[in-house]
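Work through these short exercises with the structure open. Try each task before reading its solution.

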Amino acid sequence: MNESVEDLPLQGLLDMVGARTTAPGGGSVAGIVAALAGALAGMCARFSDSDQADPTRELDELRDRAASLAQSDLTVYADYIRARRSGCDGEVSATLDETIRIPLEVAEVATQLAELAVGLARSGNPNLRGDATVAVLMGSAAARAGAVLVCENLADTSTDPRLARAAAFVTSVGAAEQEALSPYPALTAP
């Protein structure tokens with residue numbers, strides 16, 4: 001793939017994801033969703049008059065990191081497929097590690113985005129509480145997606161410490177989701 005997912009028009013990205021190819025797939029999509037969560041939270045932060053620390057710069061950095069990870073996932077996955085086709089076990093193992101590292105980083109970045117966005121939902125501009133909550137939910141979805149891909153790529157082991165890290169991210173975003181949804185009693189389970 002020569003074109004960056006970051007540079008595609010929306011329709012081009014949707015067509016590429018929906019095509020009968022294996023990439024871009026879940027890892028790239030999770031990175032894009034995390035980047036969108038960061039962009040939305042950044043917008044909310046720019047409208048916030050809170051006395052608390054301004055998270056705008058951190059949100060922008062996390063957004064950019066998520067977008068970069070979305071692109072990296074394409075490259076890493078292509079390397080993994082090439083290694084599998086070549087049959088070289090050492091190369092497959094090395095590239096598999098990368099196919100685990102990227103979604104784990106997506107999960108980490110997305111968790112940080114969700115946690116920052118929940119602060120904006122709680123104490124940012126009240127007119128943008130819904131947008132900040134959407135950023136929390138999008139960050140949470142991206143974190144959970146990254147964690148699922150880590151588990152999928154580590155399906156042959158139950159002792160790898162990366163599984164525990166992935167689980168911790170899911171737990172963290174679950175708490176952020178609950179806090180972000182608490183102002184919406186119709187959406188919270190009794």
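**Exercise 1. How many salt bridges does the count come to?**

Solution. This is a predicted model. Step one is the cut-off: a side-chain nitrogen of Lys or Arg must lie within 4 Å of a carboxyl oxygen of Asp or Glu. Step two is the count by this rule, and it comes to 12 salt bridges.

**Exercise 2. Find the salt-bridge partner of Arg46 and say which parts the pair ties together**.

Solution. Start with the atoms. The closest N and O atoms of Arg46 and Asp60 are 2.4 Å apart, and the two residues form a salt bridge. Next, place them. Arg46 lies in helix H2, residues 26–46. Asp60 lies in helix H3, residues 56–86. So the pair ties together parts that are 14 residues apart in sequence. Last, check exposure. Arg46 has a relative accessible area of 49% and is partly exposed. Asp60 has 16% relative accessibility and counts as buried, because buried means under 20%.

**Exercise 3. Describe the salt bridge between Asp64 and Arg63**.

Solution. Take the distance: the side chains of Asp64 and Arg63 meet at 3.1 Å, N to O. Then take the accessibility. Asp64 is partly exposed at 44%. Arg63 is partly exposed too, at 27%.

**Exercise 4. Explain how Arg101 and Glu98 are placed in their helix, then name the residues joined into one network**.

Solution. Arg101 forms a salt bridge with Glu98, with the closest N and O atoms 2.7 Å apart. Now look at the spacing. Both residues sit in helix H4, residues 89–123, three residues apart. That separates them by about one helical turn. An α-helix has 3.6 residues a turn, so residues three or four places apart point the same way. Accessibility comes next: Arg101 is partly exposed at 32%, and Glu98 is partly exposed at 28%. Finally, the network: salt bridges that share partners join Arg46, Asp60, Arg63 and Asp64.

**Exercise 5. Compare the expected span of helix H5 with the distance between its end C-alpha atoms**.

Solution. Helix H5 covers residues 129–153, which is 25 residues. The expected span is 1.5 Å times one less than the number of residues. That gives 36 Å. The end C-alpha atoms are 36 Å apart, so the two values agree.

**Exercise 6. Which helices do the buried residues of H5 pack against?**

Solution. First find the buried residues of H5. Among them are Ala132, Val136, Gly139, Ala143, Gly146 and Val150. Then look at their neighbours. The buried residues of H5 pack against H2, H4 and helix H6 (161–181).

Key
Residues are numbered from 1 along each chain as its sequence is written. This is a predicted model: local features need pLDDT of at least 70, side-chain atom pairs count only at pLDDT 80 or more; totals for chains, interfaces and linings use all residues. Side-chain values use heavy atoms; hydrogens and water are left out. Helices (H or I, at least four residues) and strands (E, at least two) are DSSP runs, numbered from the N terminus. Buried means under 20% relative accessible area, exposed over 50%, partly exposed in between (1.4 Å probe, protein chains only). Contact means heavy atoms within 4.5 Å.
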